[in-house]
Amino acid sequence: MKYIRYIAMAVATMGVVHIAATFTPLINGGLEVLSPAKQQAMTYMSLMCGMLLIVCGLLVAMLHSKVKEHPFLRRPYLLILGVLCIDGIAAVAFMPHNPFAWLVFIFVGSLVITSTFNE
């Protein structure tokens, strides 16, 4: 059961990587080709995707051992896993040439599978 926590922390770490990757083009001026409104939209969406991975990964890491003790946590826990599943699939669908998208997909997939079979 400890490996679920490790996988969840890997998902949260991918969120940190995602946020760092958001600021790299901002610092290097790589987004200047976009209009200011599109720059803001891209920055917001990218930061929110990173925060989603961080928050959901940390929540799974904290809640996975509590779900058996407190049955009312099962629905929110499954909702969090569902959101991560959608995020992992969308990462690969929208960025198929990005190796980090595949890592997110693999981590999220293994997290969902191990959490489902561990209950």
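Hi everyone, let me start with one residue: Val-104 counts as buried, at 8% relative accessibility. Before I go on, please keep in mind that this is a predicted model.

So where does Val-104 sit? You'll find it in helix H4, which covers residues 99-118. And what does Val-104 touch, once we leave aside its neighbours within four places in sequence? Its contacts are Met-14, Leu-53, Asp-87 and Gly-88. Take Gly-88 from that list: it is 16 residues away from Val-104 in sequence, and the C-alpha to C-alpha distance is 5.7 Å.

Let's step back to the whole chain. The protein has four helices and zero strands, and reading from the N terminus the order is α-α-α-α. If you like to think in boxes, the C-alpha atoms fill one of roughly 50 × 25 × 20 Å along the principal axes. There are 119 residues, and 32% of them are buried. For the contact-map fans here: among contacts with a separation of 6 or more, 72% are between residues 24 or more positions apart.

Now, on to a helix pair. How do H2 and H3 pack? Their axes are 10 Å apart and the angle is about 145 degrees, with H3 spanning residues 74-94. The crossing of these two is left-handed. On the H2 side, the residues that meet H3 are Leu-52, Leu-53, Cys-56, Leu-59, Val-60 and Leu-63. Their partners in H3 are Tyr-77, Ile-80, Leu-81, Val-83, Leu-84 and Asp-87. You may recognise two names there, since Leu-53 and Asp-87 are also contacts of Val-104.

Finally, the surface. The protein exposes about 7,400 Å², with carbon and sulfur atoms supplying 75% of that. There is also a nonpolar patch, with about 820 Å² of accessible area together. Its members are Met-9, Tyr-44, Met-45, Met-48, Met-51, Val-55, Leu-58, Leu-59 and Met-62. Which helix gives the largest share of the patch? That is H2, residues 36-63, with eight residues.

Let me pick out one of the patch members, Leu-58, which lies in H2. Is Leu-58 buried, exposed or partly exposed? It is partly exposed, because its relative accessible area is 34%, and the partly exposed class runs between the 20% and 50% cut-offs. Val-104, by contrast, counts as buried because its 8% is under the 20% limit.

That's my tour, thanks for listening, and I'm happy to look at the model together with you.

Terms used:
Residues are numbered from 1 along each chain as its sequence is written. This is a predicted model: local features need pLDDT of at least 70, side-chain atom pairs count only at pLDDT 80 or more; totals for chains, interfaces and linings use all residues. Side-chain values use heavy atoms; hydrogens and water are left out. Patches are made of residues with over 30% relative accessible area and no salt bridge: like charges are joined within 9 Å, nonpolar side chains (Val, Leu, Ile, Met, Phe, Trp, Tyr) within 5 Å. Accessible areas come from the Shrake-Rupley method with a 1.4 Å probe; for residues, only the protein chains shown count as cover. A salt bridge is a side-chain nitrogen of Lys or Arg within 4 Å of a carboxyl oxygen of Asp or Glu. Buried means under 20% relative accessible area, exposed over 50%, partly exposed in between (1.4 Å probe, protein chains only). Axes are lines fitted to C-alpha atoms, for helices over the stretch in contact, and angles run from 0 to 180 degrees between N-to-C directions. A crossing is left-handed if the near helix is turned anticlockwise from the far one by less than a right angle, and right-handed if clockwise. Contact means heavy atoms within 4.5 Å.
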